[in-house]
Amino acid sequence: MNQSDQLLRFLFRERDVRGEVVKVSASLDAMLAGHQYPQPVKQLLAELVAATSLLTATLKFEGQIAVQLQGDGPVRFIAVNGNHQQQFRGVARLQKEVQGDSFAELIGQGYLLVTITPTQGERYQGIIPLVNDSLTATLEAYFNQSEQLPTRLYLHTDIGAEHCQAAGLLLQVLPVDAEKSRADFADLEILADTLTREELLQLAPEESLYRLFHQEVVELFPAQSVQFVCGCSREKSEAAIVSLGTEAIDEHIAEGKLDISCEYCNTLYHFDAAQLRLLKQNF
Ligand SMILES: [Zn+2]
């Protein structure tokens, strides 16, 4: 398996704490290809990809997750969608020129919205205001609120001209004996704090864990590949056209065509007047 795009879940055998480590690079390059995002926006998207992968891996069921930031800053909307198969896609919508590169300078006043859609069962939404000009602090606050489980998150990125990388580490208390697990968590947090950005980005996931926790009994679960998969299709574009209604379709027939461009992967779906007429017959 390509070690540069994988997620590894683990458990401390003698502690009431679990964890995950993720690295993405080729899949991140694939997601960013064809987009002209400013550097700080690429960086934030990369952090969100790593964060979404970690968040998705905490789910105990099959489904999808959408992690969105919305604000009044230059980045009006930025979101990554992921699923239990560790497939993701992401997009950013800008409303003015990006000036600074801090979280607050990008998003402004805003909030984090996490939508979890199980394959079977009820949809869940969590919303929280942005915390401390930091994506990690905001996500930690989300975990505290939604699961009431102390969670620590580390996210690092390297956005190069040719290649990009993102990596993340998550530690989370298990919902068992609260007092013991919190003490265990505090110990492990001190160790995790010593991991540098370079180590998390450059070492393979197992190596990062060994570097930090070689004195602990760590059980590793099978690694999962992390992939950029958009999920858009011509069929979905057709369904979107049908939902426009006959009047709108007639306007496009008069124009002679309708082009739908996927904002996630830039694929262009072209429909000429004859194809639009066929779609209209679906009413
Ligand atoms: Zn697409």
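I'll start at the hairpin of β6 and β7, which has 5 residues between the two strands. In that turn, Gly121 has a positive phi of about 120°. Bear in mind throughout that this is a predicted model. The strands themselves are β6, residues 110-118, and β7, residues 124-129. They pair in the antiparallel sense, over 6 bridges. If you want a register mark, take Val114, which stands opposite Gly126 in β7.

On the other pairing of β6, then. Strand β3, residues 63-71, pairs with β6, again in the antiparallel sense, and here there are 9 bridges. The register mark for this pair is Ala66, whose bridge partner in β6 is Thr115.

Now the sheet as a whole. What is the strand order in this open sheet of 6 strands? Reading across, the order is β7-β6-β3-β4-β5-β12, and the pairing is mixed. The edge strands are β7 and β12, the latter being residues 227-228, and each of these pairs on one side only. As a general reminder for reading the faces, side chains in a regular strand alternate between the two faces of the sheet.

Two helices to point out against these strands. Helix α2, residues 39-57, lies across β3, β4 and β5. Its direction is at about 35° to β4, which is residues 75-83, while β5 is residues 87-94. Helix α4, residues 135-146, lies across β6 and β7, and runs at about 130° to β7. So the hairpin I began with has α4 lying across both of its strands.

Next hairpin: β8 and β9. Strand β8 covers residues 151-159 and strand β9 covers residues 164-173. The pairing is antiparallel, over 9 bridges, and the hairpin connection runs through 4 residues. Thr157 stands opposite Ala166 in β9.

On to the domains. The chain is divided into domain 1, residues 6-228, and domain 2, residues 234-280. The C-alpha centres of the two domains lie 36 Å apart.

The remaining elements are towards the end of the numbering. Strand β13, residues 257-261, pairs with strand β14, residues 268-272, in the antiparallel sense over 5 bridges. Ile260 stands opposite Tyr269 in β14. This hairpin has 6 residues between the strands, and among them Asn266 takes a positive phi near 70°.

Last, the helix pair α9 and α10. Helix α9 is residues 246-255, helix α10 is residues 273-280, and their axes are 9 Å apart. How are the two oriented, roughly parallel or roughly antiparallel? They pack at an angle of about 165°, which means that α9 is roughly antiparallel to α10, the cut-off for that term being over 145 degrees. The crossing is left-handed.

As for the residues involved, α9 contributes Thr246, Ile249, His252 and Ile253. From α10, the residues they meet are Ala273, Leu276, Arg277, Leu279 and Lys280. By class, this contact has 5 nonpolar, 2 polar and 2 charged residues.

Technical notes:
Residues numbered from 1 in each chain as written. Predicted model: local features only at pLDDT ≥ 70, side-chain atom pairs only at ≥ 80, totals over all residues. Domains from an automatic or database assignment. Axes fitted to C-alpha atoms, helices over the stretch in contact; angles between N-to-C directions. Parallel < 35°, antiparallel > 145°, perpendicular 65-115°, else oblique. Left-handed = near helix turned anticlockwise from the far one by under 90°. Contact = placed C-beta atoms within 7 Å. Nonpolar A, V, L, I, M, F, W, Y, C, P; charged D, E, K, R; others polar. Pairing = 2+ DSSP bridges.
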